[in-house]
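Biologist: Could you walk me through one part of this model up close? I'd like to know what the helix in the middle of the packing touches, and how it sits against its neighbours.

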Amino acid sequence: MTDPWEAQREALGAFIREQRKRANLSLRQLAELTSLSNPYLSQVERGLHQPSVRVLKALSGALNVSAETLLAQAGLIDAMTAGANGATDTQEPNVPGTEQAIAADPRLGVDQKAALIAVYRSMLASAPPVTDAPPVTDAPPVTEG
């Protein structure tokens, strides 16, 4: 079985490499700017390693690209791009815009949003297909703490 994130890692690596080249930076220069190792960055660019949110934030600063853009490229958030390509999680009836709600919540930081969306997606990926299930109406109330 292939890793479902492999293509995403490769696309992210290619995007980072392109942004680095556009900024006229060598891999070594980018490593110095981000306090990351040259070999690690090479692995990220080749799609061999999935960088953490902290690493993506460091890269965004060094490459002058928004952290949200890199998070979207990493597949950790897609609320910003969903409207552009029509791929939202609201295409099924009775399914709320969960990812959009997470992304729009001002109480959450970028790291928290990315973590929640990643967990949400992993749960959806491992969930069995739903066949004509009625909408959930007896869910316990959500309380804010």
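Modeller: Let's settle one term before we look: a crossing is called right-handed if the near helix is turned clockwise from the far one by less than a right angle, and left-handed if the turn is anticlockwise. Keep in mind that this is a predicted model.

First, the setting. The protein chain has 8 helices and 0 strands, so reading from the N terminus you get α-α-α-α-α-α-α-α. Of its 145 residues, 31% count as buried. If you take contacts between residues at least 6 apart in sequence, 50% of them join residues at least 24 apart. The accessible surface is about 9,500 Å², with 56% of that belonging to carbon and sulfur atoms.

Now to helix 2, residues 27-34. One partner is helix 4, residues 53-63. The two pack at an angle of about 115°, and their axes are 9 Å apart. Angles of 65 to 115 degrees count as roughly perpendicular, and helix 2 and helix 4 are therefore roughly perpendicular to each other. Helix 2 passes helix 4 in a right-handed crossing. On the helix 2 side, the residues in touch are L30, L33 and T34; on the helix 4 side they are A58, L59, A62 and L63. By class, that contact has 6 nonpolar residues, 1 polar and no charged ones.

Look at helix 4 itself for a moment. Its buried residues are V53, V55, L56, L59, S60, A62 and L63. That puts L59, A62 and L63 on the buried list as well as in the contact with helix 2. An α-helix has 3.6 residues a turn, so residues three or four places apart point the same way. Just after helix 4 comes N64, with a positive phi near 60°.

Helix 2 also has helix 3, residues 38-45, to deal with. Here the axes come within 9 Å and cross at roughly 110°, and these helices are therefore roughly perpendicular too. Helix 2 passes helix 3 in a right-handed crossing. In this contact, L27, R28, L30, A31 and T34 from helix 2 meet N38, L41, S42 and E45 from helix 3. The residues divide into 4 nonpolar, 3 polar and 2 charged.

To pull it together, L30 and T34 of helix 2 turn up in the contact with helix 4 and again in the contact with helix 3. The helix 4 contact has no charged residues, whereas the helix 3 contact has 2.

Definitions and conventions
Residues numbered from 1 in each chain as written. Predicted model: local features only at pLDDT ≥ 70, side-chain atom pairs only at ≥ 80, totals over all residues. Heavy atoms only, no water. Axes fitted to C-alpha atoms, helices over the stretch in contact; angles between N-to-C directions. Helix = DSSP H or I, 4+ residues; strand = E, 2+ residues; numbered from the N terminus. Parallel < 35°, antiparallel > 145°, perpendicular 65-115°, else oblique. Contact = heavy atoms within 4.5 Å. Nonpolar A, V, L, I, M, F, W, Y, C, P; charged D, E, K, R; others polar. Buried < 20%, exposed > 50% of the residue type's maximum accessible area, 1.4 Å probe, protein only. Areas by Shrake-Rupley, 256 points an atom, 1.4 Å probe, with all protein chains shown as cover.
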